[in-house]
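Dear colleague,

I am handing over the structure we spoke of, and I would be glad if you could look through it with the notes below at hand.

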Amino acid sequence: MNKDNRVNFGSKLGVILASAGSAVGLGNIWRFPYEAGNNGGAAFILIYLGCVLILGMPIMVGEFIIGRRSRANTAGAYQKLAPGTQWKWVGRLGVLAGFLILSYYSVVAGWTLEFVGEAATNSFVGKTATDFIDTFNAFTGSAWRPMFWAILFLLITHFIITKGVEKGIERSSKIMMPALFVLLLVLAVCSVSLPGAGEGIRFLLKPDFSKVTASVFLSAMGQAFFSLSLGMGCLCTYASYFKKDTHLAKTAFSVGIIDTGVAILAGFIIFPAAFSVGIQPDAGSSLVFITLPNVFQQAFGGVPLLAYLLSVLFYVLLAIAALTSTISLHEVCTAYLHEEFKLTRNRAATLVTGGCMVLGVLCSLSLGVGKGYTLFGLTLFDLFDYVTAKIMLPGGGMFISIFVGWYLDKRLVKDEITNGGTLRVRIYKPIVFVLKYVAPIGIFFIFINEIGLLKMF
Ligand code: TRP
C-alpha cells in the first residue's frame, strides 16, 4: 500500500494516548488484580514490574521500530523488512493471537456493560458481599445476557473501526483516559480507608518469596505482555500510523508508566476492599466484579447520590477503557485482512467481527452451560486466556526482540530510535542490549522453567 494513503495520528499526545488507550483496559483493572491475587500478591507484583521495565519497554520500542519503518500491518511489516523469509509468521501468529484475545476479551468487556446497567438502575444498594458473588455467578453462568453484551460490544468496536483510525481512536482516548485515572485515584483513597483494609495493603506490599514458583514467573511475564498490549503486533500496527518525529523510546516509556500506574492503582482499590469485606484475593476472574460494588456501597453509602453517580461513571469509563483496547485488537486483524488480502476495510472488519462473535459466544457459554467441556482442564475462556497471554504474547515478544536485535540492520534500528540522528537517546545502548540478549534469553528461560526442563524455582 502506498505510504501516502495511510492515515496518521494527528498529534504527539494523540500518539501516546492512543497507544496508552490500547494498553490500559481490562488487563489492568480486571486481569491484573486477579492474577496478582491468584499468585500470592506482592512477590508477583515485583516480578511483574521487573518484566515491564526490563522486557516490556524495550520490546515495545522494538515493535514501534518494525511498525513505523514498514508502515504496514504486522504481517506485511515482516514481509517488507525481511522479504522472502519466514519472519512473516511472527506477524501472522500475532494476528491470530489478537483475534483470540479479542474473542474472549469481548466477553469480559460485555460484563462491564451489564454493570453499567446495574449501576444505573441502582441495583447495588443494600446488597452484601455474598449477594454480589451470587448475582455475578448467576449472570456469567446464564446463556443469553452475557452473550448479548459481548455481541453488542463487538458491534460497537466494529462501528468505530469502520469509521477510521484518526477520528475513531484518537478522539475517544483524549478525554476518557484522564477521567478514568482521576476516578481510580479517588476510589483507591476510599478503598484504603475502609475498615480492615490494612491486610489488603500488606498483601500488596509485603512479598512472600516462598510462594514464588515457575508459574508465578510465567504469569507475571504474561501479565506484563498482556497489559502493555505487547508481543502480537498491536503496537507495531499503531506505530505504522506514527509520524517521522515521534520519539519512540519516550513514547514506550510513557505508555509503560501510564499502564503500570493504572494497574497498581487498581490493586490499591481491589485488595484493601476485598480483605475489608472478606472476599478471597484468589477469587479468580470474578474478583473485580464482586469486590468493586462493595466499595461504592461502603465508602459512599452515607451519600447515596454520590455512590450512584460514581458507580455509573466508573463502569462507563471502564467500558470505554475496554473499548479503546478492543479497537486496537480489532485494528490489527482488520489492517491485516485489508492490506494482505486486498479486501475493503469494511469487509475486512466484518470478517473479524463475525469471527470473534462466534468464538466469543463459545467462550461466554464455556463459563456456564458449557462448563463441562474442558481442554487440558481449562474451559474455552481460560484456555484462550492461557494460550494467548502466557504462550503467544511472550513467544511473540521473544521473536520480536530477536528480529530487531539480530536480524535488522543496526543502522536502521539506530535510525529509528534516534529519528535519523536528530535525537540523542541515551538509553539507546541498553535498549539494543536487552533486545539482543536479555529478552530472548530471559523469556526462553521462563518458558523452559515452566515446562520443568530446568528447575530454578
Ligand atoms: N492491553 C489491553 C488491556 O490491558 C488489552 C490489549 C489490547 C492487548 N491490545 C492487546 C493485549 C494486544 C495483548 C495484545 O486491557
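The notes that follow take up the ligand and then the cavities.

Please keep in mind throughout that this is a predicted model.

I begin with the ligand and the residues around it. The ligand is surrounded by 17 residues, and the closest of these are Ala23, Gly27, Tyr105, Phe226 and Ser229. Divided by class, the shell holds nine nonpolar and eight polar residues, with no charged residue among them. Five helices each contribute at least two residues to this shell, namely α1 (12-23), α2 (26-38), α5 (88-120), α10 (214-227) and α14 (304-340).

Where does the ligand come up against polar backbone atoms? A polar backbone atom of Ala23 is 2.8 Å from an oxygen atom of the ligand, while a polar backbone atom of Ser22 is 3.4 Å from a ligand nitrogen. For Phe226, a backbone N or O atom lies 2.8 Å from a nitrogen atom of the ligand. As for exposure, the ligand taken alone exposes 360 Å², of which the protein buries 100%.

I turn next to the cavities. How many cavities of 30 Å³ or more does a search of the whole structure find? The search finds four, and the ligand sits in the largest of them. The volume of this largest cavity is about 140 Å³, and its lining is made up of 17 residues, with Ser22, Ile101, Phe226, Ser229 and Leu329 lying nearest the centre. Two or more lining residues come from each of α1, α2, α5, α10 and α14, and α14 supplies the largest share, which amounts to three residues. By class, the lining of the largest cavity comprises 11 nonpolar and six polar residues, and no charged ones.

The second largest cavity holds about 50 Å³ of space. Its lining consists of Phe115, Glu118, Phe124, Lys127, Phe132, Thr135, Phe136, Phe289, Ile290 and Pro293, and the elements that give two or more residues to it are α5, α6 (129-141) and α13 (287-300). Here the classes divide into seven nonpolar, one polar and two charged residues. Helix α5 therefore deserves a look in both places, as α5 is listed among the elements lining the largest cavity and among those lining the second largest cavity, with elements taken as DSSP runs.

With best regards

Definitions and conventions: Residues are numbered from 1 along each chain as its sequence is written. This is a predicted model: local features need pLDDT of at least 70, side-chain atom pairs count only at pLDDT 80 or more; totals for chains, interfaces and linings use all residues. Side-chain values use heavy atoms; hydrogens and water are left out. A residue is near a molecule or strand if one of its heavy atoms lies within 4 Å of it. A polar contact is a pair of N or O atoms within 3.5 Å; within protein, one must be able to donate a hydrogen and the other to accept it, and residues adjacent in sequence count only if both atoms are side-chain atoms. Accessible areas come from the Shrake-Rupley method with a 1.4 Å probe; for residues, only the protein chains shown count as cover. On a 1 Å grid over the protein atoms alone, a cavity is a set of points where a 1.4 Å probe fits but cannot get out, and a pocket is an open set with protein on both sides within 12 Å along at least five of seven lines; lining residues have an atom within 4 Å of a point. A molecule sits in a cavity or pocket if more than half of its atoms lie within 2 Å of its grid points. Helices (H or I, at least four residues) and strands (E, at least two) are DSSP runs, numbered from the N terminus. Ala, Val, Leu, Ile, Met, Phe, Trp, Tyr, Cys and Pro count as nonpolar, Asp, Glu, Lys and Arg as charged, and the others, Gly among them, as polar. Grid points are joined across faces, edges and corners, and a volume is the space filled by probe spheres set on the points.
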